[in-house]
Amino acid sequence: MSFFKNFFRWYFSKRALPYWCVLAMDCLIVLFSGYLSYYILNGGSMFASNFWHLSFDLVMSTIVFLVFFKIFHTYSGIVRYSSFVDLGRVVSACACASAVIIALLAFVRGTGLFDEYVVFNSFFGYFLVFCFSCLLMSLARMLVKVLYDEIRVSGESKRVFIYGVQAGGVAIAKAIRNSDPLVYSLKGFVEPAGLDLDMKYLMGVEVHKDDDDLIDTLVSMRIDAMIVSPIQVERFRQRDALIKGLVKRNIQILMQPQEEEWDGKSDPTTKSEIRKVEIEDLLPREKIEVDMNKIGMLLAGKKVLITGAAGSIGSEMVRQVAQFHPEEMILVDQAETPMHDVRLMMARKYPHVPAETIVTSITNQPRMEAIFSEHRPDYVFHAAAYKHVPMMEDNPSEAIQNNVRGTRIIADLAVKYGTKKFVMISTDKAVNPTNVMGCSKRICEIYCQSLNKAIVEGKIRAEGLEGAPIAKTQFVTTRFGNVLGSNGSVIPLFREQIAKGGPVTVTHPDIIRFFMLISEACKLVLEAGTLGHGGEIFVFDMGQPVKIVDLASRMIELSGAKNIEIKFTGLRDGEKLYEEVLSDKENTVPTPNPKIMVASVREYDYAVACENEDRLLEASYRFDDMEVVRIMKEIVPEFRSQHSKYEVLDK
């Protein structure tokens, strides 16, 4: 059997079946159609007696067909990939050739020339030639395509359904059918619930309803995988029962990477390969719409500085800002190897964007001053921070020196060198903080907001000197929760634990978190930057919270691994059961983007904020953990430690 498959694969290849062979096949079909038409109209005896004259007429007619085969390129396509476009060319060529032949025949009849040579002189006969030629040439191409598709199906080809019957699903179906080797064998479509298109068949396979019987149908047809159309991902994500049924029956769920959006026109499989679904794809969330044109108008031709440019958030900010063609990008991070990766990425993907990749710490004030003095950025996106809760709980002095002092250095330099807008990336852990990291970010928020207030009141001069112009820098803060796939986040940890056979460790059975894609979070940061006029703390609608134990269970199911235990280890120092984006005392004001709100928070006087930070920094240089945290609690009274040695300070 394999011999025949290999033979047909070779036979229908471009090398074994060159264009002239296709052309010869079409010419023979025209000749055969002529013979058949004459036989039908005139009977066997006339066919036999006029065979050679008839052959001469048909050869002359075939020459006319050849001309139009050339004009319409009917033989230029690869036969095994024939489409409706190719069949349309065949029909057009045959129609034009038949029309010309009928016109010539009318001319011969009218003038009486060449009467002795023309035996096939029926207009209707050439109409039959047109019909038979179109039919046989189309059938030949379809037969080759069907044969080729069949021989490509191997034991390794996955039997698949496609979830979605509109443009996205059809594009995927065409792409997988034309792939070589044939990785997926299409066996059906699923019409998503709520569409009610009442379709029975599409592209030769049956369309099934997304109902209670679907899983049984998939099992009975031995389906290996379900490919989700790009434009049906949101709808599919809501079908929890279907997802559980697929996972339970070991039917894979496939889709394209979540961060790639389909434009509704192009082939979705050309951007990246269809891959097995990840847990990030299935978390319930609404699509986030952002006015990217407005962001582009803001950043195009401007100088943009990004701190923490090698981190999860920072590196995505780099990619998103680069697409708007800024005049220059200044990228700062203290992690050398990740910064090298960022440099290579910029050279490869955005060679037209001038980019400085600088390895230094934001706490290195002389170096940061030199950077601001040389480049004078128009916009600063401040993403650099120590972020891991347990680490900062053990190292509060370092949290203050990096997060608090580093932010103050960058903010003051932004004012001094005339930066238009400073966008600080904060965290939901800054709301009613229960740990050192969250409180350190709240103190950063306080400083930026108080500095902006002082600028508005005309108390701050750009150069800090008498007679210098009043500062114009606008400070904007953005808060959001966990981003999917960030360095050190729970999902990569669970994935690693599952790969090792478990156990999967969850701190508490009731712990919940908000999640958002890195790309989505960064788009909201950029839009918040365009919306902000200074002093705002923007909070993002993070969607529905996710129970971490449910997340772990679903990841185990999707992995296909068996006997993986979930182990509860207890809350870590400073860890909350429930993260908040707004504190109880805060209200929000809507913005044009329903996913972005402005928090109304307690404001601090700039002089008081500076005095508090000075005391805090002085204590941090003595590395007295208890004293550092005590002062933090004075500055942020709502800071109440949980599962931490610092709880004694709250009594």
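Two strands pair if DSSP finds at least two bridges between them. Strands (E, at least two residues) and helices (H or I, at least four) are DSSP runs, numbered from the N terminus.

The structure is a predicted model: local features need pLDDT of at least 70, side-chain atom pairs count only at pLDDT 80 or more, and totals for chains, interfaces and linings use all residues. Residues are numbered from 1 along each chain as its sequence is written, and side-chain values use heavy atoms, with hydrogens and water left out.

**Exercise 1. Give the strand order of the open sheet of seven strands, and name its edge strands.**

Step 1. The order is 3-4-2-1-5-6-7, and the pairing is mixed.

Step 2. Strand 3 (201–202) and strand 7 (275–276) are the edges, since each pairs on one side only.

Step 3. At the strand 3 edge, two bridges join strand 3 to strand 4, and the two run antiparallel. Tyr201 stands opposite Glu206 in strand 4.

**Exercise 2. Describe the pairing of strand 5 with strand 1 and with strand 6, then the setting of its side chains.**

Step 1. Strand 1 (residues 158–163) and strand 5 run parallel and are joined by four bridges. Phe161 has Met226 of strand 5 as its bridge partner.

Step 2. Strand 5 also pairs with strand 6 (residues 252–255), in the parallel sense and over three bridges. Here the bridge partner of Ala225 is Gln252 in strand 6.

Step 3. In a regular strand the side chains alternate between the two faces of the sheet. From strand 5 (residues 225–228), Ala225 and Ile227 point one way, and Met226 and Val228 the other way. All four are buried (under 20% relative accessible area; exposed is over 50%, partly exposed in between; 1.4 Å probe, protein chains only).

**Exercise 3. List the buried residues of helix 9, and state which residue just after helix 9 has a positive phi.**

Step 1. Helix 9 covers residues 240–248, and Leu242, Ile243, Gly245, Leu246 and Val247 are buried there.

Step 2. An α-helix has 3.6 residues a turn, so residues three or four places apart point the same way.

Step 3. Just after helix 9, Asn250 takes a positive phi of about 60°.

**Exercise 4. Count the salt bridges, then compare the setting of three of the pairs: Arg479 with Glu445, Glu457 with Lys459, and Lys645 with Asp625.**

Step 1. A salt bridge is a side-chain nitrogen of Lys or Arg within 4 Å of a carboxyl oxygen of Asp or Glu. By this rule the count is 21.

Step 2. In the pair of Arg479 and Glu445, the closest N and O atoms are 2.8 Å apart. The pair links distant parts of the chain: Arg479 is in strand 13 (residues 474–479) and Glu445 in helix 17 (residues 436–456), 34 residues apart. Arg479 counts as buried because its relative accessibility is 0%; Glu445 is buried as well, also with 0%.

Step 3. For Glu457 and Lys459 the closest N and O atoms are 3.0 Å apart. Glu457 is partly exposed at 42% relative accessibility, whereas Lys459 is exposed at 56%.

Step 4. For Lys645 and Asp625 the closest N and O atoms are 3.9 Å apart. Lys645 lies in the segment after helix 22 (625–635) and Asp625 in helix 22, so the pair ties together parts that are 20 residues apart in sequence. Lys645 is partly exposed, at 46%, and Asp625 is partly exposed too, at 22%.

Step 5. Salt bridges also link Arg615, Glu627, Arg630 and Glu634 in a network.

**Exercise 5. Identify which residues form the nonpolar patch and which gather in the patch of negative charge on the surface.**

Step 1. Patches are made of residues with over 30% relative accessible area and no salt bridge; like charges are joined within 9 Å, and nonpolar side chains (Val, Leu, Ile, Met, Phe, Trp, Tyr) within 5 Å. Accessible areas come from the Shrake-Rupley method with a 1.4 Å probe, and for residues only the protein chains shown count as cover. Asp and Glu count as negative, Lys and Arg as positive; His and the chain ends are not counted. A charge is placed at NZ of Lys, CZ of Arg, CG of Asp or CD of Glu.

Step 2. The nonpolar patch consists of Tyr39, Ile40, Leu41, Phe124 and Phe127, with about 500 Å² of accessible area together. Helix 2 (19–49) and helix 5 (123–152) each supply at least two of its residues, and helix 2 gives the most, with three. Phe124 is in helix 5 and counts as partly exposed at 47%.

Step 3. The negative patch gathers Asp211, Asp212, Asp213 and Asp216. Asp211 lies in the loop between strand 4 (205–209) and helix 7 (214–220), and is partly exposed at 36% relative accessible area.
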